Amino acid sequence: MPPLLEVKNLKKYFNTKGGMLHAVDDISFTLDAGKTLGVVGESGCGKTTLGRTILHLLDVTSGQILFEGKDITYPKKKELMKLREDMQIIFQDPYSSLDPRQSVKETIMEPLLIQGKLSKAECEKKAKELMDTVGLAARFENAYPHELDGGRRQRIGIARALALGPKFIVCDEPVSALDVSIQAQIINLLLDLQESLGIAYMFVTHDLSVVKYISNDIMVMYLGQMVEKASSDELFANPIHPYTQALLSAIPIPDIHNKTKRIILKGELTSPINPKPGCRFRPRCIYATEECEQPQVLTEPLPNHFVACCKCSELLNNRRNTQ
Amino acid sequence: MPDNVLEIRDLVVEYHTDDAHIYAVNGVSLNVKKGETIGLVGETGAGKTTIAKSILRILQSPPAKICSGSIMFDGADLMKLSEKEMQHIRGNKIAMIFQDPMTALNPIETVGFQIEEAIRLHNKISRVEAVRRACEMLEMVGIPAERYKEYPHQFSGGMKQRVVIAMALACKPMLLLADEPTTALDVTIQAQVLEMMNDLKTKLNTSVILITHDLGVVANMCDSVAVVYAGEIVEYGTAEDIFDRTAHPYTVGLFNSLPRLNTTERRLKPIKGLMLDPTIKPPGCRFSDRCPEATEKCCKQPPPDVEVSPGHIVKCWLRGGSN
Amino acid sequence: MNEAYRKKRSKFGEVVRRLKKNKAAVFSVFVLIIIVLVGIFADYLAPYPYDQQNYSLSFAKPSPEHWLGCDQLGRDILSRLIYATRQSLQLGILATAIAGILGITLGCIAGYYGGWVDMVIMRFLDIYQSIPMFLLCVTLAAVMGPSLRNAVLAIGISTVPLPARLMRASILTVRNQEFIEAARMCNASNRRIILKHIIPNAIAPVIVSITMTVGMNILAGASLSYIGLGAQPPIPEWGTMVADARNIMRDHAILALYPGLCIMITVLACNLLGDGLRDALDPRLKN
């Protein structure tokens, strides 16, 4: 059986005044039904663009996207409409992702009405069921988004995404605008839905503790490129790429006894416009040598653990020696 | 107590609008010792920022109204000072950093000039001397002095926040109010800024009130912690008290809501329900409607401040022992 | 608060409810309704025909027969004011409607599609705006002869850029919000997105500005009539009435004052209503 989603060498460039912006540069991965792929990176690394491109909210520059084995890279209008029933998105900002002039019910009903398979009464019934599924009390059906708090708003967004019964949802930082206690409620809801409906998630976030929690596999992106990909536990136990190591060590851990040495990166993100060939992390990397000016190849130093770094075997050996 | 830089006593702040009374801060008392970093932790709408703005008296009034309380700083009650005397304190003896560095910087002036201006506003020194000090401040926050003549838009987010910090510390304030200083930044940049703030703090011996919702940041930065819920400090103690001997049910709930890196559990344990509607003044404990341990007494009578161990204060009926 | 959720509230009803809270706006609505009714029922309300002359009554003082007195030709001023309402409102409302419909459409297209479409429309409006309105009006009048209809057309066409620019700017802010992407993910067509999501969220400032434009256009119409390019005598119009009084202003200022007051009250009411609508149309201020 083919994987649910397969992305091959996907590229998305934007033509800007300063030159070609390589937002997503040669990304490949597969995702099985009912699983979660976490996509981690800092702002500007292209993780949001990646999600949008897979969903065809943005046009593909080059590469291939396969859904259930079928090539959907350049879908026709009809195919795209069908595709939107299978692939949905949950947005980051529960404030701007809901039309302020539509009530809760209208928002959730919209995809059903447009699909046109159900009568209006049936749509309303379905909308109420969906509200129940995501834990929104029925009394809110005529409320407007601005009357509700961030957590409830995000539930509306989730209900809308679920309306057409998708098999795959891109979660674009769905909890980063929420408070911790509400964030936990929403994460639990997403996990429950995955269990009961078998939906696959691509979970895009900058929050590493959340992604560890929710994902089966994690992909780390830096300036449009994938630098490391492994199963969630493996990545946290065994980060190989220097960027992943720095990223993981930078997470503020809510524990005062945690005295692991922080790796403080120097400098900041360089520009993704007309990048030079070679490792894009090079200017900030403490291990960088001339070798890194060559284009990086994705290798598999450990089973199912992919790294795009020419020093990775060296780094692995160093670690083994110190342990 | 000569070692206290700031003493807040029974601060009550309300917002009066046409249709509602919002009880934002409900009797907060807090001491800040010299050279200490105190974390003010809580969720959106808990009243953290209102407390900080009350200290500087920069709340917009109306709608805000400081109903009662005293704030002793440097031998004077800030509540009783004239506007002119406050101006001498603001930016000079007490400085504040906001979450969004862009709003704190004037886009049409060079960053160097803005720091220089902050210095000259409060110190009678020559221009040359002020420029020299401004350069010194820039170097101190890790920005080369050559960038003195650049404009804010030429800096990245992390760099801008450094400039803001340099500006805030330019007059060597006794107290720094930092309102979510790293929330808008990426993790690796956050790590840089936090480390820099830690260095500066020890160098300048400034007291810091760090407002944040991130317990990870608190664990890294703070000597003592005040947990704020619905306009009250529900738990106060040293970092060890809060992290190792967590007492208040709300604080416990906060910790349980966090996705941990070192757990294998598949579900988070969020606090049920939502933050108390701030227009309501309940007779009992403000957390009682969400508290898993709440008793009848909790709902009826306001809880006392209980000192569970020296310096560790909890606002709860259930931690009272003999009380 | 929860009680309220059970009841479905219409959006229009909400706006009305919030508008009611603003006393100045409610008052303006009343004033405007009265003015419009006066215009519609002028034939029944006016005690005399607007062109009935009686030289024995030239400059007559107010009397029980002629409440506001008579003008230099002995015509009843009150009757003329009442009939004039009709012309003036036409100038204000019709001209604004033309400007509004054309402007909103152009603004929508430019804002939503962007790119070269936007470029072409906006440059066209730039050129357009550089032609003085009076010149355009004089030209139209020269081609088609001076008449009220041509004045309406001229004012309407020459004020198109204002709502167009506003609509475009407003749409640009709405267009990039995530709920538009969300609608695309729901397979909504461009038409549906524009009509259901973008326009309702973008139109509030345009409605406000259009309400205020009605007042401005009444003024513009009055000025056109004043120089003889609008309503043609003997049909009265507030602007022409002021114009007629200009030669005798020194001795009989009152003749200019009455129509002037009418213009002022109408324009003021439009502006106050616009201000009220600005607040009422924002759902976030709802409580």
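How many residues of domain 1 of chain A are in contact with how many residues of domain 2 of chain A? Keep that one in mind while you get set up. What you have open is a predicted model, and the tour starts on chain A.

**Stop 1: chain A as a whole**

Show chain A as a cartoon and colour by secondary structure: you should find ten helices and twelve strands. Along the principal axes, its C-alpha atoms fill a box of roughly 65 × 50 × 45 Å. The radius of gyration is 21 Å, which agrees with the value near 20 Å for a compact globule of 323 residues. Buried residues account for 48% of those 323. If you like contact maps, take the contacts between residues at least 6 apart in sequence: 65% of them join residues at least 24 apart.

**Stop 2: the two domains of chain A**

Now colour residues 5-215 as domain 1 and 241-323 as domain 2, following the domain assignment. Taken over C-alpha atoms, the domain centres are 30 Å from each other. Back to the opening question: eleven residues of domain 1 touch eight residues of domain 2. On the domain 1 side, β2 (19-31) and α7 of chain A each supply at least two residues. Select β2(A) if you want the largest share, which is five residues. By class, this side of domain 1 has four nonpolar, six polar and one charged residues.

**Stop 3: a loop lysine**

Next, pick A:Lys261, in the loop between α9 (242-250) and β11 (299-302) of chain A. Is it buried or exposed? A:Lys261 has 6 other C-beta atoms within 10 Å, and 12 or fewer counts as exposed, so exposed it is. Try a distance label to A:Asp179, 82 residues away along the chain: the two C-alpha atoms are 28 Å apart.

**Stop 4: where chain A meets chain B**

Turn chain B on. Here 31 residues of chain A contact 36 residues of chain B. On the chain A side, look at α6 (180-197), α7 (208-214) and α9, each of which supplies at least two residues. The helix α6(A) brings the largest share, eight residues. Colour this side of chain A by class and you get 17 nonpolar, seven polar and seven charged residues.

**Stop 5: a hairpin in chain B**

Stay with chain B and select strands β11 (305-309) and β12 (312-315), which run antiparallel and are joined by four bridges. Within the pair, B:Glu307 sits opposite B:Ile313. The strands form a hairpin with two residues between them, and B:Gly311 in the turn has a positive phi of about 85°.

**Stop 6: where chain C meets chain A**

Swap chain B for chain C. This contact takes 21 residues from chain C and 25 from chain A. From chain C, α1 (2-6), α10 (178-185) and α11 (190-202) each put in at least two residues. The one that gives the most is α10(C), with six. The chain C side splits into eight nonpolar, five polar and eight charged residues.

**Stop 7: helix α8 of chain C**

Last, select α8 (148-158) of chain C and show side chains. Its buried residues are C:Leu148, C:Ala151, C:Val152, C:Ala154, C:Ile155, C:Gly156 and C:Ser158. As background for reading that list, an α-helix has 3.6 residues a turn, so residues three or four places apart point the same way. What do the buried residues of α8(C) pack against? Add α5 (77-113), α7 (133-144) and α12 (204-226) of chain C to the view, and there are the partners.

Technical notes: Residues are numbered from 1 along each chain as its sequence is written. Chains are lettered from A and ligands numbered from 1 in the order in which they are written. This is a predicted model: local features need pLDDT of at least 70, side-chain atom pairs count only at pLDDT 80 or more; totals for chains, interfaces and linings use all residues. The radius of gyration is taken over C-alpha atoms; the globule rule is 2.2 Å times the number of residues to the power 0.38. A residue is buried if 20 or more other C-beta atoms lie within 10 Å of its own, exposed if 12 or fewer, and partly exposed in between; C-beta atoms are placed from the backbone. Two residues are in contact if their C-beta atoms, placed from the backbone, lie within 7 Å. Ala, Val, Leu, Ile, Met, Phe, Trp, Tyr, Cys and Pro count as nonpolar, Asp, Glu, Lys and Arg as charged, and the others, Gly among them, as polar. Two strands pair if DSSP finds at least two bridges between them. Domain bounds come from an automatic or database domain assignment.
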